Amino acid sequence: MRTPAALGVLDGAPAENRWRALITQESVSTIVASVVIAAVVLLPLAAMVVSSFLVMDGFGFSSNWGLGNYRAMVEDRIIKQAFVNTLMISTGSTMLATVLGVSLAWINARTNCPWREKLEPFNLIPFFLSPFVGAIAWHDLASPKIGLLNALARDMFGIQGAIVNVDNIYGIIWVTGIFFTPLVYLFVVGSLRRMDPSLEDSARTTGAGLLRTTLTVTLPLVLPGILSGAIIVFVTSAGEFGVPFKLGAPYGWETLTTQIFSKAVGDDANYYMGAAMSMTLGAITAFLVWIQQRIIAPREFTTVTGKGFRPNVVDLGKWKWAALGYNLAFVLFAVVIPLVGLLIVSLHPVWQGRIIPADLTFHNYARVLFWWRGDHIDAATNGIGNSVILAFAGASIAMALAIPVSYMIHRTKGYGSRVLDFLCVVPIGFPGIVLAMGVLVTYIKTPIYATLWILLLGYITRFFPYGQRNIASVMLAVSEELDQSSRMAGASWFTTLKRVTLPLLKPGIFAGWVLLFIIFLRELSISIILYSTGTETLSVGVYYLSNFENEPLTAALSIAQTVILLVSVVVFRRLAGREALTA
Amino acid sequence: MNPRENPAAPYLEVQGLVKTFGNDRAVDNISFSAPQGGFVTLLGPSGCGKTTTLMCIAGLHKLDAGEIRVGETIYTSAARHVFLPPEKRDIGMVFQSYAIWPHMTVAANVAYPLEMRGIARAEIDERVNEVLRLVGLGDMADKLATQLSGGQQQRAALARAIVSRPRLLLFDEPLSNLDLKLREQMRIELKRIQHEVGITSVYVTHDQSEALVMSDEIIVMSKGRIEQRGGPREIYARPVNRYVSNFIGVANMLEGTVVRVSAPGRGEFEVAHGNARIHLPCRLGEGVGEGSPAVLSVRPEDVRATREDGGNPGFAGEVLQTIFLGNCLDCRVLCGAFEWKVLAHPRTRLRRGERVFLRLDPERSLAVMP
């Protein structure tokens, strides 16, 4: 029965067979991708941990090992206050965003509020825009001296001083809260929409009223989604740089991010001190994200079934007009008023709080956009080109990495896939400015420092998990048997990837790419640490104008960035359908 | 000796197959073989290791010990560190979900294995048309896979599996997603097509009637081990133990002892009935001898229920329930503490509460290991 010829050959080379069996297209690709991800994610974190224990001497020339940085953090009055401010801002904006997000989601998913389908995309707009620009807009609207609203109040009612002031911790909470409302909204609206109505109907049949059903069935089912959203908002607020930089730092309200920034650039730069502060902030956010990922997210009910349920709709009666008013008010305050204010400011040569129709001009736009003009501003005109390059390249490279990584996590079983899954969650736990500090201390002595490459690396390190998640959600929905049947039909791993896996993952790849593209176009907190002259990005351009030029120029570039973002969102939604950018 | 010259010689050979997931021995030393053109079914409940065995043959799982060969080719051998990747094994496989690629037409799905083998376009078209006609999808070639019904996807998956005339066909519960009527129709059709193309097949199912209808040989599995292997009639008529008897069809199981061996394979079985002990002549299964505790397995259709006492051996009992099923009458009869399942002729008008006598046929009563 056994053929001696075949066996003879095999008997001679069992060891070689063992090695050859390990080198397959599949194992080589996944191992390479894993090593790249591990290096990209772990190097900056390791460098940050190590350098946080390096203490610089008073002259900034040499350094010693020790706990001096951490001791300074406890002793330094400003840093202590920044820590307290950060916690207060995160708590406040989380509460604001949760109340707004949950109520808006409920109105849109579960009530007969008029025009709710039309309003939904507008509720999500802040998600796609830059909070930094939001802070600039609100500064122009409601700062005590030059704020448009305050000036109008003075002119119309003849009052003294200001009616509102956003240049303080409450202004920061207000802007961060409304900008992160869509995060909570997205976490909650899915589970409200996809909830099996029979869950609530069965409660009603047992005699529970509408209120009781909502409290005992609906809310507990949505609660994990609400908690997830709240934690993500807390963490994102703690890592937010643009808003406190505009509304807080100049008026004595320092946060951890503004303090880290001042240690990374400027005259009293101290990377080691910055690393220690980043470590502290990162430890807090990573812990919270860990809780969200491992404890809360598995309890979410968003993906219970793929069935298209028609959720129960609550008839609000006359109150539906109140709900509509509430939703319109949100859109008004979160999107319309700030953008109109910015637009008005951007058309004035100088801004004193007063609209002067005779002075209106497009000159500011020409100076921040037209690089061929003699009076253009380099930092601004560089920004658009650099940001588009970074967004295209960053999104493409991140997605190319995410494909084999997702494949390994979800299609192979074993220790490696669990390690990789963990590595893909780690960057989500660290704010951009923290990870950027790590990237800075890691690569500062390499040739990529002060080039676009270091920005690209920072972007990919921080955000590739978002792309990976988009692919993973499609991959989990596509049966593994579709891949296996291709192998059985005689196709190699690469051919299977090319002809079956990738075509089936196309929607996820596209959705992930678009999300990263948008994020990279508005990215500030990584860029602000890693840019240098010539490699400014759009948001860095806005920062530069705000810091070194005047409000109208800042407003002009802010409007330009907003228009680019909104046009991208509209175009990509057309191309990919409405689900694409909310995944 | 060349297996192709001897039709009964093993063509597919699985030897000492072991596959563990963590501490769980999913497949625990499985060996079996199939002759060329044969149809072998791995039958068992979920978790018995049947699908894992199939995946090892396909090369989609790596095995921990053992060897799998087809004809003269070693597919995989733990001891020799041989592992042929799935695409080099020349196997056609039909998956439980059909796994028809939704982004291709039916024709493109079926042409795929031929493209992978570098066959010229003209021949591909010809063979695809031919095989689509064979499975009854001749006019569906240009439809997208998503436009097909479940039964049609099933046929397309079969066409894709056989189009390259592979050495082996593997079926992983292919009919379990179809409704009952379609399932019964597809059983016959699948068997016909497999017979027509003559490709050696391994079929995995948990449905015993599917296994009985289609197989040349059935391998009954439990907890990663083989309980019994044999032809459908043999397995049904002579199960080796309580597990197999229970899994294949329905059986009355009386616990007792074999008290006498009268002739080779014949004996007497003692069972408690109230305070009395009744002796029943029966056939003896494998491994059952005098004095050994055993289970008497009697199929419901082999029990006769009459109103008159027909003498020994038999039981007197009371009818608990009758269900009219059209072609037969399904009765429950309580004798002492044991509830008998009896399939009676539909014209026997037994009523609930009636007193009846049950008679067993010694030729169709089998004492097996507990």
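**Exercise 1. How many bridges join strand 1 of chain B to strand 4 of chain B, and do the two run parallel or antiparallel?**

Before we start, a word on the model: it is predicted, local features need pLDDT of at least 70, side-chain atom pairs count only at pLDDT 80 or more, and totals for chains, interfaces and linings use all residues. Residues are numbered from 1 along each chain as its sequence is written, while chains are lettered from A and ligands numbered from 1 in the order in which they are written.

*Solution.* Begin with the terms. Helices (H or I, at least four residues) and strands (E, at least two) are DSSP runs, numbered from the N terminus. Two strands count as paired if DSSP finds at least two bridges between them.

Step 1: strand 4 of chain B covers residues 65-70, and five bridges join it to strand 1 of chain B in an antiparallel run. One place to look is B:Glu13, whose bridge partner in strand 4 of chain B is B:Arg69.

Step 2: turn to strand 2 of chain B (residues 24-35), which nine bridges join to strand 1 of chain B (residues 10-21), again antiparallel. Here B:Leu17 stands opposite B:Ile30. The hairpin of these strands has two residues between them, and B:Gly22 takes a positive phi near 65°.

**Exercise 2. Place these strands in their sheet, and find which strands are at its edges.**

*Solution.* Step 1: the sheet is open, with five strands of chain B in the order 2-1-4-5-6 and antiparallel pairing.

Step 2: the edges are strand 2 and strand 6 (82-83) of chain B, each of which pairs on one side only.

Step 3: strand 6 of chain B is joined by two bridges to strand 5 of chain B (residues 73-77), which runs antiparallel to it. In this pair, B:Thr76 stands opposite B:Phe83.

Step 4: add the helix. Helix 1 of chain B (residues 50-58) lies across strands 1, 2 and 4 of chain B, at about 115° to strand 1 of chain B. Such angles run from 0 to 180 degrees between N-to-C directions, with axes fitted to C-alpha atoms, for helices over the stretch in contact.

**Exercise 3. Trace the barrel of chain B.**

*Solution.* Step 1: five strands of chain B close into a barrel that runs 12-13-14-21-15, with mixed pairing. From one strand to the next, the twist averages 50°.

Step 2: within this barrel, strand 13 (residues 266-273) and strand 14 (residues 276-284) of chain B run antiparallel, joined by eight bridges. B:Glu270 has B:His279 as its bridge partner in strand 14 of chain B.

**Exercise 4. Does the length of helix 20 of chain A agree with its residue count, and where does the helix bend?**

*Solution.* Step 1: the expected span is 1.5 Å times one less than the number of residues. For the 26 residues of helix 20 of chain A (residues 452-477) this should be 38 Å, and the end C-alpha atoms are 37 Å apart, which agrees.

Step 2: helix 20 of chain A bends by about 50° at A:Phe463, and A:Pro465 follows within four residues. The bend is the angle between axes fitted to the seven residues ending at a residue and the seven starting there.

**Exercise 5. Describe how helix 14 of chain A packs on helix 19 of chain A.**

*Solution.* Step 1: helix 14 (residues 271-296) and helix 19 (residues 432-443) of chain A pack at about 145°, with axes 9 Å apart.

Step 2: list the contacts (C-beta atoms, placed from the backbone, within 7 Å). Helix 14 of chain A brings residues including A:Gly274, A:Ala275 and A:Ser278, and helix 19 of chain A brings residues including A:Met437 and A:Leu440.

**Exercise 6. Which helix of chain A gives the most to the side that touches chain B?**

*Solution.* Step 1: the contact takes 23 residues from chain A and 27 residues from chain B.

Step 2: helices 1 (4-12), 2 (14-22), 21 (480-488) and 22 (493-522) of chain A each give two or more residues to this side.

Step 3: helix 21 of chain A gives the most, with six residues.

Methods. Two residues are in contact if their C-beta atoms, placed from the backbone, lie within 7 Å.
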